[in-house]
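Me: I am in my first year and would like to look closely at one part of this protein before I turn to the rest. Could you guide me through that part slowly and explain each term as you use it?

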Amino acid sequence: MDGDESRPRPLPVPRPRAFPVLGDAPGPRCGHTLTAIAGPDGDLSKARLILFGGATALEGSAKGSDSSSSPNPAASAAGIRLAGATHEVHVFHVRSGTWEKVVPQGEPPSPRAAHAAAAVGNMVVIQGGIGPAGLATEDLHVLDFTGHDRPRWHRVLVSGAGPSARYAHTLSLVANRFLVAMGGNDGKSTLGDAWALDTSEKPYAWRKITDTGEMPSPRMYAMAAARGDGLLLLCGGRDTSGTPLGDAYGFARHRDGRWEWHAAPGAMPMGRYQHGAIFVGNRLHISGGAVGGGRMVDEACATSVLDTNAGQWVAHSGSSGGGAAGGSGGGTGSDDSARRCRHAVSSVGPFVFIYGGLKGSQLLDDLLVADDSNGAELTIFDPRAQPWVTWMDSMHGNAAAAQMLAKAAMEEAAAALSVQRNSEPDGADGVGGVPGAAGASR
């Protein structure tokens with residue numbers, strides 16, 4: 001057997017499917033952000049997705065246009081009525097599969113779209129963007145969920161120079177410590193700079209990253225996602241000439257404090273910008289994107305995965321999507337639902353969530369969910385919650401969904417039993433007089 005045959009074959013690309021939208025949903029929009037925060041002590045069963053901002057209306061005179069290659073901020077948002085930009089906050093409760101609109105305490109950021117966001121613990125950091133008044137300030141705004149049910153806005157003061165006011169850039173938390181901002185457009189030109197802020201040191205200060213390496217070219221509407229081990233991947237975007245890019249770059253910090261770029265192997269199945277990118281484990285999931293002239297990426301590569309373990313790009317080929325029912329989650333046929341741009345993506349556990357975006361002249365208000373668990377545990381959601389029951393049925397069929405939901409219910413019961421055991425006092429009498437025993441194996 002040669003080396004290529006012995007290499008583990010990457011799992012297929014899971015296909016996103018429509019998820020029921022229940023509760024006080026955000027409605028149609030594009031240019032928003034969707035950021036995942038876990039529950040106390042990283043409990044994913046209490047995870048929430050925080051949707052902020054976006055544009056909620058299209059200009060009638062420029063519907064579906066893709067004239068955003070202009071460096072003029074007003075022209076760059078052609079097709080989006082900036083008067084429809086918002087600073088609303090909606091929360092998706094992953095466990096129940098329902099939406100809630102919240103009104104945080106404190107002074108909110110100005111209405112905006114094409115901003116960037118990243119989670120730092122129980123906080124969502126918002127930076128940049130563009131709104132009715134033009135470019136947003138370069139301040140950092142933090143939405144603090146530490147109080148769980150009483151989120152509050154704070155404005156963070158950062159000393160010294162930092163990223164200029166910009167939109168269409170990226171913001172990521174690397175190694176659970178460094179906020180990294182890259183690229184975008186400042187209203188005059190497309191940018192290629194990168195900045196890092198150490199969240200563990202006060203007073204907060206940005207540091208411009210000038211270390212050597214295979215630096216990416218200036219770009220806007222790229223996407224960046226951080227892997228759990230601290231590697232940041234920047235992929236796609238649009239260069240200074242308006243060309244969609246299909247390259248990817250790894251970005252990491254050495255122990256001596258140096259940052260370094262490295263070009264990733266291969267290229268995306270199709271160059272794109274205004275797409276989505278998020279990690280599930282070591283797999284970078286790419287969704288949608290524009291290619292210019294008002295066109296979206298082809299159906300065949302609307303969802304793609306970079307398997308960073310195998311060092312390979314995988315495009316959806318019409319085969320099974322590798323869902324939790326042993327590979328039945330993808331199905332076959334059209335993958336048109338993921339053909340969109342200016343949407344927002346996030347992930348919790350093995351699930352990828354996609355909300356809204358723009359498709360031609362239509363603002364979207366749907367939620368798509370893809371399952372990359374490959375049969376792993378599914379306890380992050382309530383198996384009795386109707387939205388999840390409906391989605392599982394659409395993904396896997398009645399019989400398979402019933403089996404998976406039963407399995408999830410058993411896992412939930414086992415987890416609850418474990419919590420009960422751990423919470424019992426030392427002197428509690430269990431079965432047979434053994435302290436803490438509950439008559440069931442773990």
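Me: Where is the place of Ser200, and which side chains share a polar contact with Ser200?

Reply: Ser200 sits in the loop between strand E14 (190–198) and strand E15 (206–208), where strands (E, at least two residues) and helices (H or I, at least four) are DSSP runs numbered from the N terminus. The model is a predicted one, in which local features need pLDDT of at least 70 and side-chain atom pairs count only at pLDDT 80 or more, while totals for chains, interfaces and linings use all residues. Residues are numbered from 1 along each chain as its sequence is written, and side-chain values use heavy atoms, with hydrogens and water left out.

The side chain of Ser200 is joined to that of Asp198 by a polar contact of 2.6 Å, and a polar contact of 3.2 Å joins the side chains of Ser200 and Arg177. A polar contact is a pair of N or O atoms within 3.5 Å; within protein, one must be able to donate a hydrogen and the other to accept it, and residues adjacent in sequence count only if both atoms are side-chain atoms. Ser200 can also be placed relative to Phe178, which is 22 residues apart from it along the chain, with 8.2 Å separating the two C-alpha atoms.

Another loop, between strand E8 (130–131) and strand E9 (134–135), holds Ala133. Ala133 counts as exposed because its relative accessibility is 81%, where exposed means over 50% relative accessible area, buried under 20%, and partly exposed in between (1.4 Å probe, protein chains only). The C-alpha atoms of Ala133 and Pro111 are separated by 8.8 Å, and these residues are 22 positions apart along the chain.

For the wider setting, the protein has four helices and 28 strands, and 52% of its 442 residues count as buried. The largest nonpolar core has 22 residues, of which Val94, Phe353 and Trp388 touch the most other members; such a core is a set of buried Ala, Val, Leu, Ile, Met, Phe, Trp, Tyr and Cys residues joined through side-chain atoms within 4.5 Å. Helix H3 (386–396) is among the elements that give two or more residues to this core, and H3 supplies the largest share, four residues. Leaving aside residues up to four places away in sequence, Val94 touches residues including Leu49, Val348, Phe353 and Trp388, a contact being heavy atoms within 4.5 Å. Apart from this core lies another, of 18 residues, among them Ala55, Tyr167, Met220 and Ala290.
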